[in-house]
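This briefing covers helix packing, two helices with their buried faces, and a few single residues. Please keep the sequence and the model open while reading.

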Amino acid sequence: MIETALIDWSRAQFALTACYHWIFVPLTLGLAVIMAVMETIYFIRKDDFWKKTAQFWMKMFGINFAVGIASGLILEFEFGTNWSNYSWFVGDIFGAPLAIEGILAFFMEATFVAVMFFGWDKVGKKFHLASTWLTGIGASISALWILVANAWMQHPVGMEFNPDTVRNEMVDFWAVLSNPVAVSKFFHSVLSGWMTGAVFVIGISCWYLLKKRETRFALASIRVAASVGIIGTFAVMFTGDSAAVHVAKYQPMKLAAAEGLLDGGTRAPFSVVPGVEIPGLLSILATHDIDGFVPGINDILDGYVDPDGNEVLSAEAKMYRGDMALRAFRVYRQLKDTQPEAAAQVRKVLDENAEYFGYGYIEDREELVPPVWLVYWPFRIMVGLGSFLLLVMILVLWFERKGRMAGLRWLQWVALLSIPLVYLAGQAGWIVAEVGRQPWAIQDLLPVKAAVSSLSTGAVKTTFFIFVAIFALFLAIEVRILVKAIKKGPAVEEIE
């Protein structure tokens, strides 16, 4: 049995790397759209002011883009080093979108980002504009394949378990790609990047306003960024609604934990904060029906009958069938070469219970409940900060259009101080998505404790702190480079 400390430190190391990587991804996605819109305005108006404005934010994009690539590569390598059992068990499926991401999207980004940065005076304006847009599209396509892989972990589809190879093998690539969880997760994540980029651009622009520098540049940047951010945030809300329905359908325990819902039912209330509830709202969000049934933590553990009359097994029943699947698998492996007929009978037992295979590793039903507080509160942080940031963007756009933004120092400070808040909102969203899935590495299929590599706890602990030091150093370097570039400004003598 793998020791708990190894599992915890392996999870901590992966979480550290993932959270660090997500510092750079949303800003890359958001800045890509904002700078492309700015260059489009330059292309239409033939005004060099917009060219210099786009170039400045491209510089911010480039600094962030470089560090983001490095952190993403580390994240992918960790699947082989820290999660080798996972990689073996589902590598045929999980590896496919990652390979496509590397071959297609990465090279697409690399090609057009070079033209975008170095081709201003070497290619035509149309081709350069197309390269800028294709850089952003490439970044989104890259995110698509990563999110397809992640969505498959949330809702595994399109595969069959092969007991001869001890692997889950892909049988329907289209099912993996069109996974409804992947569709909503892609749009939700990419569009949240628009919000991150918008808040970043607005905040930096307000710094210039506070310093009474580059006023025209700052106001123009605010106008574009706020427009992109508001559109993106409303779209995030829409995709969040579809994501809630998918979570309710495929990961009811995650939803119950996010709401702290012990006992479910119809007209389930939405918890604003502990003790403050909105009757029926959770049923509406989860099922689009105020009378919709939403199971609570106890319902999921004890088993229940859904409104359609389908029986959902209790945790003990799932664990029993999972144990049957594991036992049948082991016997099949012993008999398949010497007693094929007996192996075929055992294989039937395995196939009948394969759906619950992962539950065979669960020893106590309480393992099936994620840490509720670590799902409940981040969800509220995500929603609360998202709503606040939407209000800030609406206000800055309103006052910019009214010609008053340059004089509102209080709003400028609010916008500047909102930059860390948008990162906090994004990180909180991923905490809900990943912690809420625990104890599963792959929902209902493979628990984390069965996915981890057989490493020494000391080795994982040591590399964790090495990563902390390296990540902190690189983040400090990036922030310093960004601050230096911001202080230098956007070639003011050429655009004012």
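At what angle do the axes of H1 and H15 cross, and within what distance do they come? The axes cross at roughly 125° and come within 10 Å. The model is predicted, and the points below are grouped by topic.

**Packing of H1 and H15**

- With axes crossing at roughly 125°, H1 is oblique to H15, because the angle falls outside the ranges counted as roughly parallel, roughly antiparallel or roughly perpendicular.
- The crossing of H1 past H15 is right-handed.
- On the H1 side the contact is made by Cys-19, Trp-22, Ile-23 and Leu-27; on the H15 side it is made by Tyr-423, Gly-426, Gln-427 and Trp-430.
- By class, the contact of H1 with H15 holds six nonpolar residues, two polar residues and no charged ones.

**Helix H15 and the loop after it**

- H15 has 17 residues, which should span 24 Å at 1.5 Å a residue. The end C-alpha atoms of H15 are 25 Å apart, in agreement with that figure.
- Buried residues of H15 are Ile-419, Val-422, Tyr-423, Ala-425, Gln-427, Ala-428, Gly-429, Trp-430, Val-432, Ala-433 and Val-435.
- Cover for the buried residues of H15 includes H1, H4 and H6, as well as helix H8 (252-259), helix H13 (373-401) and helix H14 (409-417).
- Pro-439 is located in the loop between helix H15 (419-435) and strand S9 (440-442).
- The peptide bond joining Gln-438 and Pro-439 is cis, with omega about 15°.

**Packing of H4 and H6**

- Helix H4 (residues 125-154) packs with helix H6 (residues 180-210) at an angle of about 135°, and their axes are 8 Å apart.
- What is the orientation of H4 and H6 to each other? H4 and H6 are oblique, because an angle of about 135° does not reach the range over 145 degrees that counts as roughly antiparallel.
- The crossing of H4 and H6 is right-handed.
- H4 contributes Ser-140, Ala-143, Leu-144, Leu-147, Val-148, Asn-150, Ala-151 and Gln-154 to the contact. These meet Val-181, Ala-182, Lys-185, Phe-186, Ser-189 and Val-190 in H6.
- The contact of H4 with H6 has nine nonpolar residues, four polar and one charged.

**Helix H11 and Ala-343 in H12**

- Helix H11 (residues 315-335) has 21 residues, for which 1.5 Å a residue gives an expected span of 30 Å. Its end C-alpha atoms are 30 Å apart, which agrees.
- The buried residues of H11 are Ala-315, Lys-318, Met-319, Gly-322, Ala-325, Leu-326, Ala-328, Phe-329, Tyr-332 and Leu-335.
- Elements packed against the buried residues of H11 are strand S1 (159-162), helix H10 (297-302), strand S8 (311-312) and helix H12 (340-353).
- Ala-343 belongs to helix H12.
- Is Ala-343 buried or exposed? Ala-343 has a relative accessible area of 2%, so with a limit of under 20% it counts as buried.
- Beyond its neighbours within four places in sequence, Ala-343 is in contact with Tyr-332, Leu-335 and Lys-336. Tyr-332 and Leu-335 are themselves among the buried residues of H11.
- Ala-343 and Gly-458 lie 115 residues apart along the chain, and their C-alpha atoms are separated by 41 Å.

**Leu-475 in H17**

- Leu-475 is part of helix H17 (residues 457-488).
- Its relative accessibility of 28% makes Leu-475 partly exposed.
- Setting aside residues up to four places away in sequence, Leu-475 touches Tyr-20, Ile-23 and Phe-24. Ile-23 is also one of the H1 residues that meet H15.
- The C-alpha atoms of Leu-475 and Asp-291 are separated by 48 Å, with these positions 184 residues apart along the chain counted as their separation.

**Positive phi in loops**

- Lys-46 has phi near 60°, a positive value in a residue other than glycine.
- The loop holding Lys-46 is between helix H1 (4-45) and helix H2 (48-81).
- Lys-46 has 51% relative accessibility and so counts as exposed, the limit being over 50%.
- Arg-267 has a positive phi, near 50°, and is likewise a residue other than glycine.
- The loop holding Arg-267 is between strand S3 (265-266) and strand S4 (270-273).
- Arg-267 has 49% relative accessibility and therefore counts as partly exposed.

Notes
Residues are numbered from 1 along each chain as its sequence is written. This is a predicted model: local features need pLDDT of at least 70, side-chain atom pairs count only at pLDDT 80 or more; totals for chains, interfaces and linings use all residues. Side-chain values use heavy atoms; hydrogens and water are left out. Axes are lines fitted to C-alpha atoms, for helices over the stretch in contact, and angles run from 0 to 180 degrees between N-to-C directions. Helices (H or I, at least four residues) and strands (E, at least two) are DSSP runs, numbered from the N terminus. Angles under 35 degrees count as roughly parallel, over 145 as roughly antiparallel, 65 to 115 as roughly perpendicular and the rest as oblique. A crossing is left-handed if the near helix is turned anticlockwise from the far one by less than a right angle, and right-handed if clockwise. Contact means heavy atoms within 4.5 Å. Ala, Val, Leu, Ile, Met, Phe, Trp, Tyr, Cys and Pro count as nonpolar, Asp, Glu, Lys and Arg as charged, and the others, Gly among them, as polar. The expected span of a helix is 1.5 Å times one less than its number of residues. Buried means under 20% relative accessible area, exposed over 50%, partly exposed in between (1.4 Å probe, protein chains only).
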